[in-house]
Amino acid sequence: MKARLVWLILCCIWGSTWLFIKLGLEDLPPFTFAGIRFVIACTILFVIIRAKGFQLPRARSDWTLLLSTGLLSFSLNYGLLFWGEQYISSGLAALLQATIPVFGLVIAHFYLPGERMTWPRIFGVVFGFLGVGIVFSNQLAVANGKALAGCLALVVGSGCAAYSNVLVKARGQKLDPAILAAGQMFVGLIPLLIVGIPLEGNPLKFHWTPIAVLSMCYLAVVGSVIAFLLYYWLVHNMDVTTTMLIALVTPVVAVVLGMIVLHEELNWRTVVGGAMIMSGIGFIVLQKRRKEKVELVASA
């Protein structure tokens, strides 16, 4: 029950980050925006680590995991997402980001013996992904070569995020969530700033409006520190393919927040697509419960 509650909280948090990214990008350039977000979040996480007396990992394999997953999940995923969204609609970006559980389903099959692909899982993920497609079906046109490149960037970034999540589940079980999140962010923010500052200029000269500051603080504290602490706790306590289904729900949360905050219109696509997403996820959860009951009876 606790894991399901954390899963729902993460859907709400990461669904809200789309709104704050959109608001922040009106005043701040993408790569440095993402990099500074993780500088703030990483600083807070290291304070938490120091206050709780956690020991940094000593094994070479742990540092290799932090290095590889930090580059995959933060440098490549976020860098490609922010770059690609310059050339395509936010709806198309949300759809492409929702391929994370599709990639995760396949990758987990080869890395995690307990999370093999099954027809119910495949059906649930694909049905939910089609639901995301319906929600944003009016925004899916690709206008030109740069838009196509943006689409490819987001798909590659989603694959990187899925691979990172599976590696953490397979090899990072002994690492505390704070160590995982802080180590990955520290590794990931360096390439973002190395690319961002020369291209986008001195951060002190950016247009730091109140909305930009609010967006940065929300994304750093809620969307990064709190969210990733919860997420890596969840990875330790739930199937990684189930945790990645969050990527199917966040676009719908983003649409609802857009209606509330930005007064965007509710239409049939949101209702039908949202119902398909919930049905796909519900199908996976019910099949998992049925399997657990069968195994429980068999072992009795």
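1. Quick note on terms before the details: a residue is called buried when its relative accessible area is under 20%, exposed when that area is over 50%, and partly exposed in between (1.4 Å probe, protein chains only). By that yardstick D62 is buried, since its relative accessible area comes to 7%.

2. Keep in mind that this is a predicted model, where local features need pLDDT of at least 70 and side-chain atom pairs count only at pLDDT 80 or more, while totals for chains, interfaces and linings use all residues. Residues are numbered from 1 along each chain as its sequence is written, and side-chain values use heavy atoms, with hydrogens and water left out.

3. On confidence: pLDDT is the predictor's confidence in each residue, from 0 to 100. The protein chain averages 84, and 88% of the residues score at least 70. Among its elements, helix α9 (residues 210–237) has the highest mean pLDDT, 94, and helix α12 (residues 268–299) the lowest, 68. Where pLDDT is low, the predicted coordinates should not be read in detail. Helices here are DSSP runs (H or I, at least four residues), numbered from the N terminus.

4. Now the charged pairs. Counting a salt bridge as a side-chain nitrogen of Lys or Arg within 4 Å of a carboxyl oxygen of Asp or Glu, the whole structure has two. One joins D62 to K174, with the closest N and O atoms 3.9 Å apart. D62 sits in helix α3 and K174 in the loop between α7 (145–171) and α8 (177–200), so this pair ties together parts 112 residues apart in sequence. Unlike buried D62, K174 is exposed, at 63% relative accessible area.

5. R121 and D239 also meet in a salt bridge, at 2.9 Å from N to O. R121 belongs to helix α6 and D239 to the loop between α9 and α10 (240–243), so the pair ties together parts that are 118 residues apart in sequence. R121 is buried at 13% relative accessibility, and D239 is buried too, at 19%.

6. Staying with α6 (residues 119–135): its 17 residues should span 24 Å at 1.5 Å a residue (taken times one less than the number of residues), and the end C-alpha atoms are indeed 24 Å apart. Its buried residues include R121, G124, G128 and V135.

7. Last, have a look at T69 in helix α3 (residues 60–84). T69 is buried, with 0% relative accessibility. Its side chain makes a polar contact (N or O atoms within 3.5 Å, one able to donate a hydrogen and the other to accept it; residues adjacent in sequence count only if both atoms are side-chain atoms) with the backbone oxygen of L65, at 2.6 Å. Leaving out residues up to four places away in sequence, T69 is in contact (heavy atoms within 4.5 Å) with F74, S164, L167, V168 and Q184.

Definitions and conventions:
Helix = DSSP H or I, 4+ residues; strand = E, 2+ residues; numbered from the N terminus.
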